[in-house]
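Got your viewer open? Load the model, show it as a cartoon, and get ready to click along.

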Amino acid sequence: MSVSQDSVVTLDDVTKTYQTGAVAVQALRGVSLDVRRGEYLAIMGPSGSGKSTLMNILGCLDVLTTGRYLINGHDVASLGENDLAEIRNKEIGFVFQQFNLLPALSAWRNVELPLFYGGVPAGERKERAIRALERVGLGPRIHHRPGELSGGQQQRVAVARALASEPAIILADEPTGNLDSASTEDVLSLFDELHRTGRTIVLITHEQEVADRAQRMVHVRDGHIIDPAEVAA
Ligand SMILES: Nc1ncnc2c1ncn2[C@@H]1O[C@H](COP(=O)(O)OP(=O)(O)O)[C@@H](O)[C@H]1O
Ligand SMILES: [Mg+2]
């Protein structure tokens, strides 16, 4: 398989098997996927089809069973634990359904946390955290704690946190799954704008209206990427 210079991530025939006691679950059964720089891709599929497994592998949060995964041209299998931690921290911005914000910390403290783990000096951390929050329209809310913000605002804090490290790719797993329709629109317009300004986004969802906002869509069923013609079936 040839690897394009323009690819941020490339999966080549990736499988993932979870072994739980005597039971083996094949969550991914040979997935090949190329995400180009600046692309906004939606990965769709019903519950249990393997979307989160795929996201965890793309985010280097879990390892594949067989196949190959390249990120920015590096074969993930050849990277040691330190290099992987650095890629997770600097190259990948995560957005989760549950926001995963720390309730005791203000918005800007939440956003600066990954920068702290990334070794960015204190003054620069604060500056970058505030800039990221302004970017998502939360300049006036930097001192609010998550409990003092709406669901949509909390998810925007999570997006600011994902942006603060200037990652190569943003991975969002059902980012609107816990939001009402107004907050969903809020977060999706933010993704539209990030895409317009050159970000690479992979958004996982089981909702058609959410996936329709992306530039390209792939469908996952039973651990496979299926042909568009099979989707209606
Ligand atoms: N940590 C795990 N251990 C065992 N089985 C798992 C684990 N995570 C997911 N699975 C199984 O893998 C399959 C795909 O799950 P998942 O990737 O979470 O799907 P989705 O995100 O599309 O709902 C399911 O059958 C699920 O039960
Ligand atoms: Mg999932």
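Start with the whole chain in view. This is a predicted model, and its overall size is a good place to begin. The chain has 233 residues, and a compact globule of that length would have a radius of gyration near 17 Å; the chain comes in at 18 Å, which agrees. Spin it around: along its principal axes the C-alpha trace spans about 45 × 40 × 40 Å.

Now colour by secondary structure. How many helices and strands does the chain have? There are eight helices and ten strands. Next, think about what is hidden inside: buried residues make up 47% of the 233 residues. Contacts tell you about the fold too. Of the contacts with a separation of 6 or more, 73% are between residues 24 or more positions apart.

Switch on the surface for a moment. The chain exposes about 11000 Å², with carbon and sulfur atoms supplying 49% of that. If you colour by charge, look for 23 positive and 30 negative side chains; the centres of the two sets lie 5 Å apart.

**Stop 1: S49 and helix α1**

Turn the surface off and select S49. You'll find S49 in the loop between β3 (40-44) and α1 (51-58). Is S49 buried or exposed? S49 has a relative accessible area of 2%, so it counts as buried. To see what surrounds S49, select A27, V220, R221, D222 and G223: S49 touches these, leaving out residues up to four places away in sequence.

Walk on into α1. Six of the eight residues of this helix are buried, so α1 is largely enclosed by the rest of the structure. Select K51, T53, L54, M55, I57 and L58 to light up the buried ones in α1. Then go just past the end of α1 to C60, which takes a positive phi of about 55°.

**Stop 2: two more positive phi angles**

Here's some background: most residues other than glycine have a negative phi. With that in mind, select D13, which has a positive phi of about 50° although it is not a glycine. D13 sits in strand β1 (residues 7-20). Its relative accessible area is 46%, so D13 is partly exposed.

Now jump to E174. This residue isn't a glycine either, and its phi is positive too, at about 50°. Look for E174 in the loop between β7 (169-173) and α6 (181-196). At 9% relative accessibility, E174 counts as buried.

**Stop 3: the aromatic pairs**

Show the side chains of the aromatic residues. A search of the whole structure finds two aromatic pairs. F94 and F96 form a stacked pair, with 5.7 Å from centre to centre and 10° between the planes. F94 is buried, with a relative accessible area of 14%. F96 has 24% relative accessibility, so it counts as partly exposed.

How do the rings of F116 and Y117 pair up: stacked or edge-to-face? They are edge-to-face, 5.4 Å from centre to centre with 75° between the planes. F116 is partly exposed at a relative accessible area of 45%, while Y117, at 61% relative accessibility, counts as exposed.

**Stop 4: along helix α3**

Stay with Y117, which lies in helix α3 (residues 107-117). Try your distance tool from Y117 to A104, C-alpha to C-alpha: they are 13 residues apart in sequence and 18 Å apart in space.

Next, select L113, also located in helix α3. L113 counts as partly exposed, at 24% relative accessibility. Setting aside residues up to four places away in sequence, L113 touches L102 and L105. Now stretch the distance tool from L113 to S189: the two C-alpha atoms are 25 Å apart, with 76 residues of separation in sequence.

**Stop 5: Q155, tucked away**

Finish in helix α5 (residues 151-163), where you'll find Q155. What is the relative accessibility of Q155? At 0%, Q155 counts as buried. Show what Q155 is in contact with, skipping neighbours within four places in sequence: V95, F96, Q97, F99, P175, L179 and V187. You've met one of them already: F96 is a partner in the stacked pair with F94.

Conventions
Residues numbered from 1 in each chain as written. Chains lettered and ligands numbered in written order. Predicted model: local features only at pLDDT ≥ 70, side-chain atom pairs only at ≥ 80, totals over all residues. Heavy atoms only, no water. Phe/Tyr/Trp six-rings, centres within 6.5 Å; stacked < 30°, edge-to-face > 60°. Buried < 20%, exposed > 50% of the residue type's maximum accessible area, 1.4 Å probe, protein only. Helix = DSSP H or I, 4+ residues; strand = E, 2+ residues; numbered from the N terminus. Rg over C-alpha atoms; globule rule 2.2 N^0.38 Å. Contact = heavy atoms within 4.5 Å. Areas by Shrake-Rupley, 256 points an atom, 1.4 Å probe, with all protein chains shown as cover. Lys, Arg positive; Asp, Glu negative; His and termini not counted. Charge placed at Lys NZ, Arg CZ, Asp CG, Glu CD.
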